[in-house]
Amino acid sequence: MSAPLPAATPGAALGPSAVDGAAAAHTQLPSPRELERRFGFVGAGVQGAQHEPEPSAGGSVRCACAHCAAWAEFIARGAPDGSRQYEVFTRTLVAGLASALLALRAALRDELPDGRELRVLELGAGSGRLAHLLREELALRAPAGDDVGVCLIASDIAQPMAKQSSARRDYPVLHADHRQALLRCSPDVVLACWMPLGADWTAVIRQTHTVHAFVLVGDTTGALCGDPVKTWARARRGTSADANAAVLPARLNGWAVRELAALSAAQLCMADEPWLCARHSRTVLVVREERVLSGRAARALLAPLLGPLASPDGS
């Protein structure tokens, strides 16, 4: 018999007390601008931030200034719950992802039987912190005493290592690999933040008939997460900053693909360095055209995220 789903996953009764608690916790997240100024990122206008990158014996280039050293320590220290910081979770990122989920819920209203909530599955969720932060943000958006209509389920093949750090919280996480989680949860939308390097879950996601859309967060070159060809549809070539800036195909095997540029521009991750202008992590939304974009109303609701899109039949 399979184990039950984590009891706390359905976005849990978002009454006034829950919203108040979420607001207090959510404001603890930094903004991208705050981090850029704190660690002297290029373009942040920090006085006294003088970067002096130098080549190392191994051929890589590093900067040993105080700001870059502080950033490296910040990344190595990990998130507040003790998990590794592949992506630095900021107020902007969490709010943007929540907005995307709410837009998808509105666009898929006619696809959800009996007006049920949108079922969102996060794959490779690790400690479950991102899903937890998203629940908090969604709670802030819910009408007083009402439910926001989004059920978030975090899953990971590894058991959460909640006892390794006294600072870590034990967020609810379904212990299952990506195939098992998709089969058990039958999600409407899938979220994957920093898929393991060399792995590709998108083929199985697309084959899951209940899935209408999925959101990918990470390095789109495939040099740091996912597979460059299977996940990001890139030709096998060098992985320079120019390659990362390349535009993903607008359509791929019946799915519409769009980078959420406003989110990408504000993202920070473990591979970024204060002395470099280039950023590595991006957010990509992929929707099933025949279902999600077949109606004009749905296309209008998603237009702020996807930009102008024709329906599959060209209308």
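So, S83: at 14% relative accessibility, this serine counts as buried, where buried means under 20% relative accessible area, exposed over 50% and partly exposed in between, using a 1.4 Å probe and protein chains only. S83 is found in the loop between α3 (66–77) and α4 (91–107). Helices here are DSSP runs of H or I with at least four residues, strands are runs of E with at least two, and both are numbered from the N terminus. The C-alpha atoms of S83 and G126 are separated by 7.6 Å, with the two positions 43 residues apart along the chain.

Quick word on the model. It's a predicted one, so local features need pLDDT of at least 70 and side-chain atom pairs count only at pLDDT 80 or more, while totals for chains, interfaces and linings use all residues. Residues are numbered from 1 along each chain as its sequence is written, and side-chain values use heavy atoms, with hydrogens and water left out.

Okay, the sheet. It's open, has eight strands in the order β5-β4-β3-β6-β7-β10-β9-β8, and its pairing is mixed. β5 (174–175) and β8 (251–252) stand at the edges with a single partner strand each, so one side of each has no neighbour in the sheet. For pairing, DSSP has to find at least two bridges between two strands.

Strand β3 (residues 118–123) pairs with β4 (residues 150–156) in the parallel sense, over five bridges. If you want a spot to click on, R119 has C151 in β4 as its bridge partner. Lying across β3, β4 and β6 (189–193) is helix α5 (residues 129–141), which runs at about 170° to β4. Those angles run from 0 to 180 degrees between N-to-C directions, with axes fitted to C-alpha atoms, for helices over the stretch in contact; contact means heavy atoms within 4.5 Å.

Next door, β6 and β7 also pair in the parallel sense, over five bridges, and V189 has A213 in β7 as its bridge partner. Is β7 buried or exposed? Seven of its seven residues are buried, so β7 is largely enclosed by the rest of the structure.

Last thing, cavities: on a 1 Å grid over the protein atoms alone, sets of points where a 1.4 Å probe fits but cannot get out, with lining residues having an atom within 4 Å of a point. The largest has a volume of about 130 Å³, volume being the space filled by probe spheres set on the points, which are joined across faces, edges and corners. Of its 14 lining residues, the closest to the centre are L216, T231, L252, V257 and V286.

Notes
1 Å grid on protein atoms, 1.4 Å probe; cavity = no way out; pocket = protein on both sides within 12 Å on 5 of 7 lines; lining within 4 Å.
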